[in-house]
Amino acid sequence: MINIVVKLKEKNLSTPEQIGETAKRLIEEKKFGRNVVAVVPSTELINGSLEKIAFSLSDSPTERELDAIHSTNAQIAASLLSIAIQKRGFRAHSLNGWQLGVRTTKKTAGHARIEELNGDVIIERFKKGEIVVVAGGQGVDEENDITLLGDGGSDTTAVAVAKSIGADRVEIYTELDGVYTGDPSTIQRARKLKDITYDEMLELSYLGSKVVHPRAVELAKKFEIPIVVRSSTKNVRGTLIKGEIEMEKNLIVRGVAYETDIIRFTVGYESLEKSSLANLFNTLAKHHVNVDIIVQSVMSEVKPTISFSIAKEDLANAVKVLEDHKEELGFQFADFEVGLAKVSIVGSGMVSNPGVAARMFARLCKENIPVKMVSTSEIKVSVVVPQDDMIRAANALHEEFGLAEELV
């Protein structure tokens, strides 16, 4: 029998009516003769009120107890969905993280990572004819403390569950009906892709696409688990994410993505001898400042500089780290520029087609959009541009590389 894992969105569970519709959707899958696991995310059912009570009792409640509180929302959502399925005459069973045997690392940098998951628990439920509903994004560490997987935790749970039970695929329900060549809300003539590679999806996810979290894509790629991104409300064909695809003829670029609120830092040195990439970025890393694009400028008779981009939420921390370590890092000045955005093109066909970056820069020049920084890999080119020009740049590049046309 085919096993499938369905990852739901918070919107699928936000009202009793939507929970009922989601239950019907899962029952339809069961009627097709499939074993079904639904992975639910944390929802805003009771978190707000419980957190207020926690902070009324203490100005600094421990992270351990807050994680226990936050974990209850996904557990409640799983139980409510199970009840809705049972009401419609089908067997269902909810499982939270520890019941499923989700063992994780200790929580660091805002999240824990899955180390082990016991798929046998789900298989036993399948034998009883049950639809299994899993509370996603949570587990327990070696001390049996509840841990949260952080951003993308539910997506990652779905892929880990699929691996543990040998599922044929993971289906991720979204507001859209698949993966598009650009955000349909801002990109004119954005087109749904029939399929896309893990690597392409991974780049798009890191570069601003919110369809599938990159942690889940990485895990799916590692174990070669197909992911289907499809609509949560319409029963239409979605987009298949897998290892290899039949490339659309002449479609070198497969998607455009963008990310707002990019900060460009520039650190200047008196001399090249004092500038050290290793010292600078080791110091930033130790203080959890995530750096993206890096550009070093070294020219004769010009004082050297190092520029790098960070996200807006890291700005205050980055400023403090540089101020606190100015003497040991040996730089002369540090300043930053706000009001920037990152626009990227992605496509696995780029690796064998030279000139893509030049074509990108030429189109941006034609549009009078200044390029502040550049980053490239085998399958993507990213540029930092003024945020006011972000949407115009993305649309221009979408048009430049013919992404609206389905060439097969």
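Here are four short exercises on how some helices of this structure pack, each with a worked solution.

Before you start, know that this is a predicted model, where local features need pLDDT of at least 70, side-chain atom pairs count only at pLDDT 80 or more, and totals for chains, interfaces and linings use all residues. Residues are numbered from 1 along each chain as its sequence is written, and side-chain values use heavy atoms, with hydrogens and water left out.

**Exercise 1. Work out how helices α5 and α7 are arranged and which residues join them.**

Step 1: find the helices. α5 covers residues 153-165 and α7 covers residues 214-223; helices here are DSSP runs (H or I, at least four residues), strands are E runs of at least two, and both are numbered from the N terminus.

Step 2: look at the axes, which are lines fitted to C-alpha atoms, for helices over the stretch in contact, with angles from 0 to 180 degrees between N-to-C directions. The two axes are 8 Å apart, at an angle of about 15°. That makes α5 roughly parallel to α7 (under 35 degrees; over 145 is roughly antiparallel, 65 to 115 roughly perpendicular, and the rest oblique).

Step 3: get the handedness. α5 passes α7 in a right-handed crossing, meaning that the near helix is turned clockwise from the far one by less than a right angle; anticlockwise would be left-handed.

Step 4: list the contact (heavy atoms within 4.5 Å). From α5 come Gly153, Asp155, Thr156, Val159, Ala160 and Lys163, and from α7 come Arg215, Ala216, Leu219, Ala220 and Phe223. Sorted by class, that gives six nonpolar, two polar and three charged residues. Ala, Val, Leu, Ile, Met, Phe, Trp, Tyr, Cys and Pro count as nonpolar, Asp, Glu, Lys and Arg as charged, and the others, Gly among them, as polar.

**Exercise 2. Describe the surroundings of Thr156 and Gly153 in α5.**

Step 1: check accessibility. Thr156 counts as buried because its relative accessibility is 7%, and Gly153 counts as buried at 2% (buried is under 20% relative accessible area, exposed over 50%, partly exposed in between, with a 1.4 Å probe and protein chains only).

Step 2: find the neighbours, not counting residues up to four places away in sequence. Thr156 touches Ile114, Arg215, Ala216 and Leu219. Gly153 touches Gly137 and Arg215.

Step 3: zoom in on the Thr156 side chain. One of its polar atoms lies 2.8 Å from the backbone oxygen of Gly152.

**Exercise 3. Find out which residues of α6 and α7 are buried.**

Step 1: take α6, residues 198-206. Seven of its nine residues are buried, so the rest of the structure largely encloses it. They are Tyr198, Glu200, Met201, Leu202, Glu203, Leu204 and Ser205. Just after α6, Gly208 has a positive phi of about 130°.

Step 2: move on to α7. Its buried residues include Pro214, Arg215 and Val217, and the buried residues of α7 pack against α5, α6 and β11 (227-231). Glu224 follows α7, with a positive phi near 55°.

**Exercise 4. Decide how α11 and α12 cross.**

Step 1: α11 (residues 356-366) and α12 (residues 390-400) have axes that come within 10 Å and cross at roughly 130°. They are therefore oblique to each other.

Step 2: the crossing of α11 past α12 is right-handed.

Step 3: Arg359, Met360, Arg363 and Leu364 of α11 meet Ala393, Ala396, Leu397, Glu399 and Glu400 of α12. Five of these contact residues are nonpolar, none polar and four charged.

Technical notes:
A polar contact is a pair of N or O atoms within 3.5 Å; within protein, one must be able to donate a hydrogen and the other to accept it, and residues adjacent in sequence count only if both atoms are side-chain atoms.
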